[in-house]
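Q: I'd like a close look at the salt bridges here, please. Could you walk me through them one by one, and describe the parts of the chains that they belong to?

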Amino acid sequence: METANPMPATVEFPEVELLPPMLAALPNPQGVSVCPRRARWQLDLLLLALECVDLHASELMLQVLQELQLQVMIPNRVVFWQIRCTNPFRQVTQRTPLPLAETKAITAVVVQVARRQTAILRHLLLVLDQLQAQNLPPETYAPLAEYLDRFRRHFRKRMNLQRSSLFLYKNNQALNELGLKLLAQLLLCAGTKGMERLWFSLFDGEVS
Amino acid sequence: MLLQRQYSLPNCTLRIEGLSGQAGAEQLDIVTLCEWEIIGQNQRLKGGKDFLVALLNSVPAAAQTWLSGVKLRRSPHYPIRVELEATNQVSLHIPRKLLQTSSEENSKSPTNDEAGETLEVRLTWLQLADLVEALDQFCSDSQTLPTLTPIFHFLPRQAIAPAVPLRKQLMPLGIGAASLAAMAAIFFHLPVPERRPLQEEALPPTPEAVTPAPAPTTPNPPNP
C-alpha cells in the first residue's frame with residue numbers, strides 16, 4: 001500500500017558554514033575564497049615564534065584546538081602540520097589551498113596561545129627596552145638570547161633559504177630583528193581585540 | 001556629575017573624564033578630558049575629545065598595518081602620524097592643536113608655537129602595544145561612549161605599494177629595449193651582404209664526371 005505523501009530520499013540543507021561563535025564573528029573578505037600567500041607565511045611565522053618562546057607551545061596549540069572545539073576542522077597534529085606546510089616558503093611545502101575556515105581556526109590558535117604567553121612576551125620586550133637603553137645587544141640577557149638562538153635554528157631548519165625573498169635571513173642580525181618583531185606582534189595579537197586585528201591584517205592588500 | 005574612566009596598563013594609563021547625558025546615569029557620553037600617561041617616560045598628554053578620536057583613528061590602524069607588514073602607497077591622512085622606524089622604535093607626531101597645555105608649560109616655553117606644529121613622542125613596542133590595548137579596552141567598554149566602536153577594515157589592493165617598486169619592475173624592460181635599439185643602430189650602418197651567382201665554369205671537373213662507365217662483357221641473349 002502506497003503512502004499518500006512519500007518522504008523524499010534525501011533532504012537537502014542549504015550550505016551554511018558551521019563555525020564556533022568566536023570564529024563566526026570574523027568576516028570573510030569579499031572576493032577572497034582561500035587564504036592568501038602572505039597570510040600563510042605570516043601565520044606560520046607567528047606559530048614558529050610561539051614555539052620558540054615556550055618549548056611546550058606545540059602541545060599547547062593542540063590543547064587549544066580541543067578547548068575551542070576546532071577539531072572538526074583540524075582533528076589531529078598531522079592535519080595541523082599539513083596546514084602549516086601551506087606556507088610557500090617552507091622547505092617542505094604543499095600547494096593545496098587553505099580554506100578560510102581553517103585560516104580562522106589557525107588565527108584563533110595563535111591568539112589563544114599568545115594570550116597564555118603574555119607574561120613571557122611582556123617580560124622579554126621589557127628586558128629588550130632596558131638593554132637598548134644601555135646600548136647592549138639582546139643576546140646579553142640569557143632568556144632573550146635563548147629565544148633568538150632557538151628562533152634562528154628553527155627558521156633555518158624549516159624555511160627554504162634558497163628563495164630570493166628569504167636570502168636576507170642568512171644574516172643573523174636580520175633574523176634576530178625578525179624574531180624580536182614577532183614578539184611585539186604576538187603581544188598585539190594577545191590583546192582584547194587581537195583576534196580581529198590579526199584577522200584583518202592577514203588580508204591587507206588582498207581585497208579589491 | 002563628573003565621571004572618570006581609567007584604563008591602566010603597565011606602561012600606559014588612559015584616563016577619560018566626562019559627563020553623562022542623563023542625570024544620575026553612569027554612562028559617560030560627553031568627553032571633557034582625555035589624558036594619556038606614558039609611564040616609562042613620565043610624560044602626560046592631555047586633550048579633549050578630538051585628541052581621543054585622533055588616537056582611536058590613527059594608532060590601531062597603524063598597528064594593523066605594521067602587523068600585516070605591507071607598505072602603503074601613500075601615507076594615510078590620519079591626524080596623528082605613526083612611524084614604526086627601526087627595531088623597538090615608534091614615533092608619534094601629534095598636532096599641538098589637539099593637546100591642552102597647562103599654564104605652567106606655557107610659562108616654561110613661551111616659544112611653543114615656534115617649536116613646531118607637531119609634538120613627537122617616542123615609544124617602544126611595549127608602550128605601543130599597551131596604548132593599543134588601552135584604546136581597545138576603552139572601545140569595548142559599554143559604559144563609555146557606547147557609540148564609539150572599534151572599526152577594522154581590510155586595506156584595498158590599491159592602497160598597497162607593490163612589493164617590487166615600479167622602477168625596478170620596468171628596469172629589465174628598459175634595458176632590453178635599449179639594447180635592441182643599440183643593436184638595430186649598429187646593424188643599420190652595416191652594408192647588406194650581396195648575393196653572388198654560382199660560377200659553374202670555374203669549377204674543376206670532378207673525377208667521377210670523366211671516369212667512363214664500364215662496358216658490358218657479355219651481350220644479352222636474344223629472346224626467342
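A: Happy to. A residue is called buried under 20% relative accessible area, exposed over 50%, and partly exposed in between (1.4 Å probe, protein chains only). What you see is a predicted model, where local features need pLDDT of at least 70, side-chain atom pairs count only at pLDDT 80 or more, totals for chains, interfaces and linings use all residues, and side-chain values rest on heavy atoms, without hydrogens and water. Residues are numbered from 1 along each chain as its sequence is written, while chains are lettered from A and ligands numbered from 1 in the order in which they are written.

A salt bridge here is a side-chain nitrogen of Lys or Arg within 4 Å of a carboxyl oxygen of Asp or Glu. By this rule, 19 salt bridges turn up over all chains.

Let's begin inside chain A. With helices (H or I, at least four residues) and strands (E, at least two) taken as DSSP runs numbered from the N terminus, chain A has nine helices and zero strands. Of its 208 residues, 54% are buried. The mean pLDDT (the predictor's confidence in each residue, from 0 to 100) of chain A is 88, with 91% of the residues at 70 or more. The exception to keep in mind is residues 1–16 of chain A, where pLDDT is below 50 and the stretch has zero contacts (heavy atoms within 4.5 Å) beyond near neighbours in sequence. Where pLDDT is low, the predicted coordinates should not be read in detail.

The pair A:Asp44 and A:Arg90 has its closest N and O atoms 2.7 Å apart. A:Asp44 belongs to helix α2 of chain A and A:Arg90 to the loop between α4 and α5 of chain A, so 46 residues separate these distant parts of the chain. As for the surroundings, A:Asp44 and A:Arg90 are both buried.

Helix α2 of chain A holds another partner, A:Glu51, whose side chain meets that of A:Arg158 in a salt bridge at 2.7 Å, N to O. A:Arg158 is in helix α7 (residues 142–158) of chain A, 107 residues away from A:Glu51. A:Glu51 counts as buried because its relative accessible area is 10%.

Next comes the salt bridge of A:Glu67 with A:Arg116, with 2.4 Å between the closest N and O atoms. A:Glu67 lies in helix α3 of chain A and A:Arg116 in helix α5 of chain A, so the pair ties together parts that are 49 residues apart in sequence. A:Glu67 counts as partly exposed because its relative accessibility is 43%, and A:Arg116 counts as partly exposed too, because its value is 41%.

Helix α3 (residues 57–67) of chain A also has a buried set: A:Ala57, A:Leu60, A:Met61, A:Leu62, A:Val64 and A:Leu65. These buried residues pack against α2, α4 (77–84) and α5 (100–116) of chain A. Just after α3 of chain A, A:Gln69 has a positive phi of about 55 degrees.

Between the two chains, the count is two salt bridges. One of them joins the side chains of A:Arg197 and B:Asp136, at 2.9 Å from N to O. On the side of chain A that touches chain B, α2 (37–53), α6 (118–133), α8 (172–189) and α9 (194–202) of chain A each supply at least two residues. Of these helices, α8 of chain A gives the most, with eight residues. Overall, 33 residues of chain A are in contact with 31 residues of chain B.

A:Arg197 reappears among the residues that B:Gln64 touches: apart from residues up to four places away in sequence, B:Gln64 meets A:Arg197, A:Phe200, A:Ser201, A:Asp204, B:Phe152 and B:His153. B:Gln64 sits in helix α1 (residues 49–68) of chain B. B:Gln64 counts as buried because its relative accessible area is 6%.

Chain B has a salt-bridge network of its own, linking B:Arg15, B:Glu17, B:Glu35, B:Glu37, B:Arg44 and B:Lys46. This chain has five helices and eight strands, in the order β-β-β-β-α-β-β-β-α-β-α-α-α along the sequence. Of the 224 residues of chain B, 36% are buried.
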